[in-house]
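Student: Could you take me through one part of this model slowly? I would like to understand a single helix and what surrounds it.

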Amino acid sequence: MNSKGTLSFLILFVVAVLNSATSYAQTDLTLHDIYASNTYRSSGYGTVRWLKSGQGYSTVEANKDGGSDIVEYDAKTGAKTILVNAKQLTPKNAKSPLWIDDYEWSADNSKLLIFTNTRKVWRYNTRGDYWVLNLKTGNLQQLGKSLVGSTLMFAKFSPDGAKVGYVSQQNVYVENIANSTVKQLTFDGGKNIINGTFDWVYEEELDCRDGFRWSPDGKFIAYWQSDTKNIGTFYLIDNIDSLYSKPIPLPYPKVGTKLSAVKVGVISADGGKTNWFKIPGDPTNNYLARMEFIPNSNEVIVQQLNRPQNTNKLWKCDVKTMSINNMYTEKDGSFLDVHDDTRWVDGNKYFTWTSEKDGWNHLYKISRDGRESKLITVGDFDVVQITTIDSKNGYVYYIASPDNFTQRYLYRSKLDGGSKAERITPEALQGQNAYQMSENAEWAIHTFQNSTTPPVISLVSLPNHKVVRTLVDNHLLKEKYDALKLNAKEFIKIDIGDVSLDAWMIKPRNFDPNKKYPILFYVYGEPAGSTVQDDWEGGSLWDQYMAQQGNIVVSIDNRGTKTPRGKAWRNSIYGQIGILASQDQANAAKKLFATYPFIDQQRVGIWGWSGGGQMTLNCMFRHPDIYKTGLALAFVSDQRLYDATYQERYMGLITDNAKGYHDGSPINFAKNLEGKLMIIAGTADDNVHYQSFEMLSNELIKQNKMFNMMSYPMRTHSINERDNTTYHLRETMAKYWKENL
């Protein structure tokens, strides 16, 4: 239901070869071009690592021999130096160099850690092989050779670069690089015990994957341990890969059921006994959501969220004495999101902390003992993301958008809180702007995009924001896109009385305001995301395709969606997921009908995926007078079936809000279906289980409601695995709309 991810924005754009100029004259957008031949993929720029000096960065580039080199660019001059060539990354007796999925430098830049041969663990490729290259000696060695192949996870150098810690098969290891000696630190991992990484729900809803930390002196490792024995097991069924069906067990805590028992321990990097911090509270009814060492200390900070996720306690824990101290606590009347903007400043006497306690998401500076708290970012706006903290010059750089919630810009404020927000992004760059900045805040890799401009990636100097050189401009893609002569998204405001909602509209080519057109609403509506953003979004080609077929296409962000509109906006849906949002969508639809006479009110469709699938069902079942046909993908039909962490954050505990859970679940209103409906799901969806699909189907049958359905065997929540899946899915959707809208 909630789709997240922790990858850098620079690798969101797939590097692809664009079609030749002969395609620029094309006037029709086809599903084959979008989903089969990938004609409109954008080019990107490789993973960037700013070097310690702050005056250059490294990245991966293909060379003329078919391999990849790691190169350094001088930010000022653009001078290129090959730091590591493909030959250096070719193991002995191997025919080809290592494929670089990711890499990391040791603190002194003398060693390089390569992540390769990766495998997916639920969402991301976090398991694979690791190799270390010693740049002084040229020695290339594989880590964990004595362990089961391609099982290593989250490898990272010790602070002195002499060792590497990693996880394999739910245990933590340390390997001495000089002699390849492997030391196993934990031995109880396996089955229900997980060391150094996390269970499904911590990964999906708390964005926890890498589960161990080196101490600053390299003597200790602090790590999470999860015990999943109390979690109920959900079984995915594989019916297509063998003669007999194969059950795939998935420990998955549903609403109101027990969570994993999670604790944080510390162990010597040389091995021995683990000592556990005795953090108060039932470990199966609290979350240990974050843990990091305070720089230059033997203390870790642990964030403990209670089960309703409205109280966050910060515990300062000493790895030598094992003493703990509750240094800071934040509470909220509804819910708290976990924030990752804890940076230590002023000689590690203070840390930064984001909070919504004044009604906006702002950055604060809090003393190490938790007694002092000072606002840094001042104004009626939300801080979306901290980009970097320039301690030397006393600035914090961050992303915000005070005046347009669909756009994003770089700002800075003084760390002492004594200045107003200063916009750094030039006014001309209207749209979404993202930055990967050097630590000294002098340079950044800047990505600019909006709904009609594919990503333009540049190196800029700061704070003057001068473009030093353009790295990728995607001009060929832009020419191809413009040749389609599509109507751009029109961003509009819809006043529904007590609030004004952001929306966009796409009109068909050759639009005639005197004609009547069917309207297709694309909806998400949940607090995990937003659909109304002024970004490229791959050109919104599906939406454009549907408009090309003669439809008005509209998307609306109802209250509660993840936009920088303040705490009251985001908290408005607390306890009523699916209820307030579907009412907002319905009111906005009525307002559009009254405003635009070219909309045919008898041909109104709505569709969405995941949370948007649930919203589609709620709109169809609650407002059958408005919505005539719907298509719901990968949806939750009953909120009790979804994971505890997400659902309880926004709905409260089911023991306190049973009515809200009932009224927000579309299955309880399926009897009201009047229009046409199609439902689609993947049978191997580990996120929103196929159970939701079958339970709704059963209820619709019980109520004698006719509907269409499509199942994709052994596809997950994204319904994109295996051959031809994405193209087939979109053809199926297009066929349904052609016949029913």
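Student: Are helix 4 and helix 11 roughly parallel or roughly antiparallel to each other?

Tutor: Happy to help! This is a predicted model, so local features need pLDDT of at least 70, side-chain atom pairs count only at pLDDT 80 or more, and totals for chains, interfaces and linings use all residues. Residues are numbered from 1 along each chain as its sequence is written, and side-chain values use heavy atoms, with hydrogens and water left out.

Let's begin with your pair. Helices (H or I, at least four residues) and strands (E, at least two) are DSSP runs, numbered from the N terminus. Two packed helices are described by the angle between their axes and the distance between the axes. Axes are lines fitted to C-alpha atoms, for helices over the stretch in contact, and angles run from 0 to 180 degrees between N-to-C directions. Helix 4 covers residues 541-548 and helix 11 covers residues 725-740; they pack at an angle of about 30 degrees, with axes 12 Å apart. Helix 4 and helix 11 are therefore roughly parallel to each other. For the cut-offs, angles under 35 degrees count as roughly parallel, over 145 as roughly antiparallel, 65 to 115 as roughly perpendicular and the rest as oblique.

Which residues make the contact? Helix 4 brings Trp542, Tyr545 and Met546, while helix 11 brings Arg730, Met733, Ala734 and Trp737; contact means heavy atoms within 4.5 Å. Six of these residues are nonpolar, none is polar and one is charged. Here Ala, Val, Leu, Ile, Met, Phe, Trp, Tyr, Cys and Pro count as nonpolar, Asp, Glu, Lys and Arg as charged, and the others, Gly among them, as polar.

Now look at helix 4 by itself. Leu541, Trp542, Asp543, Gln544, Tyr545, Met546, Ala547 and Gln548 are buried, where buried means under 20% relative accessible area, exposed over 50% and partly exposed in between (1.4 Å probe, protein chains only). With eight of its eight residues buried, helix 4 is largely enclosed by the rest of the structure.

The two ends of helix 4 are worth a look as well. Most residues other than glycine have a negative phi, and most peptide bonds are trans. Serine 540, in the loop between strand 38 (517-522) and helix 4, has a positive phi of about 45 degrees although it is not a glycine. Serine 540 counts as buried, at 6% relative accessibility. Just after helix 4, glycine 550 has a positive phi of about 105 degrees.

Other places in the model make useful companions. Serine 180 also has a positive phi, about 60 degrees, without being a glycine. Serine 180 sits in the loop between strand 11 (171-176) and strand 12 (182-184), and at 34% relative accessibility it counts as partly exposed. The peptide bond from leucine 462 to proline 463 is cis, with omega near 10 degrees; proline 463 lies in the loop between strand 34 (453-461) and strand 35 (466-472).

Finally, compare two residues by their surroundings. Leucine 477 belongs to helix 3 (residues 475-483) and is buried, with a relative accessible area of 0%. Tryptophan 99, in the loop between strand 4 (80-84) and strand 5 (102-105), counts as exposed at 59% relative accessibility. Leaving aside neighbours within four places in sequence, tryptophan 99 is in contact with Ile114, Phe115 and Thr116.
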